[in-house]
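Please open the model in your viewer and keep the selection panel at hand. The tour below moves from one selection to the next.

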Amino acid sequence: MIYNIPFIAVAALIMIGLYAVIFKRNLIKIVIGITLIESGVNLFLITLGYREKSIAPIHTGNPEGIMSLPVPQALTLTSIVIGVAVLALMLSLIIHIYRHYGTLDVRKLAKEEDEE
Amino acid sequence: MITWESFLETFETGSGFWNPLIWITAIVIAFLVVYILRGYGKKEYKEKTEQIKAFLSGNPEYEKEKMHIKGSNVYWGFTESLKWIYKALEKMHTGNVSDYILWFVVIMGILFILVGVI
Amino acid sequence: MSGMSRIVKTISSVAFPFVLIYGLYIIAHGHLTPGGGFQGGAIVASGCAMILVAYGSIWTMGKIKEKNLSIFESFGAIGFIGLAFFGLIFGAVFFNNYLVGNKYFFGEKALGLSNINTAGVLPLMNFAVGLKVIAGLFAIVLVMAYATSKKGGETK
Amino acid sequence: MNMDTILTHSPALIIAVPLLGAFLTPLISRINDKLRNVFVILTVGLTGFLVSLLSYDVLINGKIHTYVFGSQDIGSPVVRILFEVDGMNAFMIIIGAILVFVAVVYSWAFMKENTGLDKYYTLILLMAAGMFGMMLTGDMFNFFVFLEITSISSCALIAFWTNKGKAVEAGFKYIVISTIGALFILFAIAILYGQYNALNMAVLANSIQSPMTFLDKTALVLLIAGLAMKAGIVPMHMWLPDAYGRAPASVTLILVGTTQASLYALFRMVFTVYGNSLSLDAEPLRQIGEVDITLNGLLGVIIVLLAIITIIVGVLMALKQSDFKRTIAFAAVAEIGYMFLAVGAGLWAIGTTHGMMALKGGIFHIINDALDVGLLFLVAGAIYYATKETSLNKMGGLARNMKYTTIFFLIGLLAVSGMPPMNGFASKLLIYESTYLINPILAIVAILCSILLLAVFVKVFHSAFLGPKIPRFNDVKEVPKSMLIAMGLLACVIIFFGLFPDLIVNNIVDPAANALANNSNYISQIIGGP
């Protein structure tokens, strides 16, 4: 049971993230939702690489014992880097949107789309 | 390797075939025939008379610019008769990011029930 | 964003070199310990962001131009791709680690204790990535801070 | 370096050359603007040359190329980043190369008046690199990385005209959609990795055996949903008209390519990675009464249903639009539906002759759609360039001033609505015939919607090009030469494809369809022969 807790956390993070993206009106909150989904997926990847009582996969001067898998960690790292780029891009777009429309409410933005 | 003959081959589609070169030849011949037939027509068209004016049941002719049917009016009848579909479709296209994701989740759920559970 | 009080400015000036050194250490030891180009670069960039917060975006924009940062970023990226291309030229495969096995330059095959002079092109690639990440992240933070500050917003 | 060496390394070089070019562009841009444009065109041209070299070897000589990064031998393919090029990949990169080259030539004049062009060209090249990566890679995680590179750079390009609020908004929608789609794809990849301890597509395809586990099915659902959203399948298509409509025309052209790269990835996942469960002797998922529910039948029905909805909604919405580029974008949605329909039909009737025919039709339609829709978008961009107008309601009589553009639009119109003798007809004929053999209703819907598509473009043609001269457009001039050359290139390719369909199908489409339908070659190239 104790080893299922990370997976429950993954499911919870993804669900909360999806909830935020779908039901929140503020663009910033949507972005927060996306980052939550992303952390959920990253947590899932990291959890896959864990083995019971394993040590960090550093080769130099390591003590005896099994290592946890390094590949999921590399994947997670790549995913985090991509996430940073996406986050920066989304925030800069939000700055531009706020400048043009003076609002961050998705529904009001969708209405402006109709009027023009 | 690609040979020159392979350019001319007919495209077999299983139960039919399609060769654009033959088709073009046929079209060109048809145009030639039409052109020749056109040559037999009368040449009685008179410029600078009433003949060149448009006749709109006696109504005065509009300005040229107003005569042009605008883009959204072209299929007015079609869109009017299918209003019920368009109402639903417009309801669907809200232009709201959250709704886009909602559709994604809905489709994912349906697929999950169809593929995963069955 | 205008600058903060003198205390904050002084403290961040004192702390900045340490952050810088720590970040550069993480970059340089990327092939031996956890970390590498991105992590170290992010640390250095956060140090720069600290200066940015302390002194204000307008002052920082006057010192460092965003255009110069993007030039550095290009150099980092070119370094990375160039190293990969050198792998094609010297080692017959793209991204080949052609430096492993030579005696002088990052080529030793050290086992056990940490030796920084190892791992072939990996440290070089870490440097390139570090340069790119420092310049890129700092440029992002700088431009965002400038765009949301009052003066930057008006002059836009 | 002789030809063989270049050929061996070409899968890597196709990615590396645009990447190197992308990062050199800001530096060269400091020297001279014209030099930069020439440099970008040369870079893309070199990539195109490599693409043609590679795809000739793969398609005509029937080889499968593999390329492992960082090492000479394959060793352990599970971890290493690996590119694998078979018929389908080679087919897709041809599309990518044509579109990118045309887009770069087009942007010379089209984007001339904008500032920040060094960033524009950098992003274009990055997008091209990401697209080629998506089309070439044989590794699941690598695919995710390239997907994200493509979506980040294309989002920045969609929002390139930041002085227009709607462009920025479209860019934001696009990045939200593509990030969430990509994250779910990553989740699926993680599930597969956790189960089989492999990221390589061929190794995974070998591991996923016929009675699928629950996790396999979950991963399949996530992959299909995420990639279908990236490809713009109704009802997940709404980002597509926004993004296509607001982006600069040259960017839209490459966006068509990236959308189809997602579509390709969908086919690759279903047909290759899950290929073992699709074959006829695979165990059925479940029995309800007497009926065996097999994976290929179920997926085929789902895909065909989605495709029919896509076609109908796309065409109907296109008929209603009054914006030039949005109209074409909805038509593009409908066209994607045609490919999806054909491939779904091929999945439904897998292993039969008409199933294979449907698959061929769908794959042939991918390249035709890219060319036709791309040409129409370029024409829309040319009209925007000349008149600064996007609404169809305010246009009229443009044919008097823009003769060449009109001709190009006419070619695109005929091709996209499947009129003989253009290329769209050949592929649609294949689709009609094969779907008729599977279920006549599918073919009837397809033909009716094709007629409606013609109606859509006749409306566009009428309201933009025909009609009396409008005084506002009296001094409208024909667009500059580079744009005409770009459109002319696409038009020439369309006419060539239209005149020699048999040549194209035999030499380009057949290997791609065979590669999709039979995944054993793809697997044995990595794992070792059976």
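Begin with H5(B) and H8(D), bearing in mind that the model is predicted: H5(B) passes H8(D) in a right-handed crossing. To select the pair, take residues 97-117 of chain B for helix H5 and residues 214-231 of chain D for helix H8, whose axes come within 9 Å and cross at roughly 145°.

Next, show the side chains on both helices where they touch. H5(B) contributes B:Phe104, B:Ile107, B:Met108, B:Leu111, B:Phe112, B:Val115 and B:Gly116, while the residues from H8(D) are D:Phe214, D:Lys217, D:Thr218, D:Leu220, D:Val221, D:Ile224, D:Ala225 and D:Met229. Coloured by class, this contact has 12 nonpolar, two polar and one charged residues.

Now widen the view to whole chains. Which chains share the most contacts? Of the five pairs of chains in contact, it is chains B and D that do. Chain B and chain C, by contrast, are joined by no contact, and their closest C-alpha atoms lie 23 Å apart.

Turn then to chains D and C, where the contact takes 13 residues from chain D and 15 residues from chain C. On the side of chain D that touches chain C, there are nine nonpolar and four polar residues, with no charged residues.

Finish on chain A by selecting residues 70-101, which form helix H3. Its 32 residues should span 46 Å at 1.5 Å a residue, and because the end C-alpha atoms are 46 Å apart, the expected and modelled spans agree. Step just past H3(A) to A:Gly102, which takes a positive phi of about 70°.

Notes
Residues are numbered from 1 along each chain as its sequence is written. Chains are lettered from A and ligands numbered from 1 in the order in which they are written. This is a predicted model: local features need pLDDT of at least 70, side-chain atom pairs count only at pLDDT 80 or more; totals for chains, interfaces and linings use all residues. Helices (H or I, at least four residues) and strands (E, at least two) are DSSP runs, numbered from the N terminus. The expected span of a helix is 1.5 Å times one less than its number of residues. Two residues are in contact if their C-beta atoms, placed from the backbone, lie within 7 Å. Ala, Val, Leu, Ile, Met, Phe, Trp, Tyr, Cys and Pro count as nonpolar, Asp, Glu, Lys and Arg as charged, and the others, Gly among them, as polar. Axes are lines fitted to C-alpha atoms, for helices over the stretch in contact, and angles run from 0 to 180 degrees between N-to-C directions. A crossing is left-handed if the near helix is turned anticlockwise from the far one by less than a right angle, and right-handed if clockwise.
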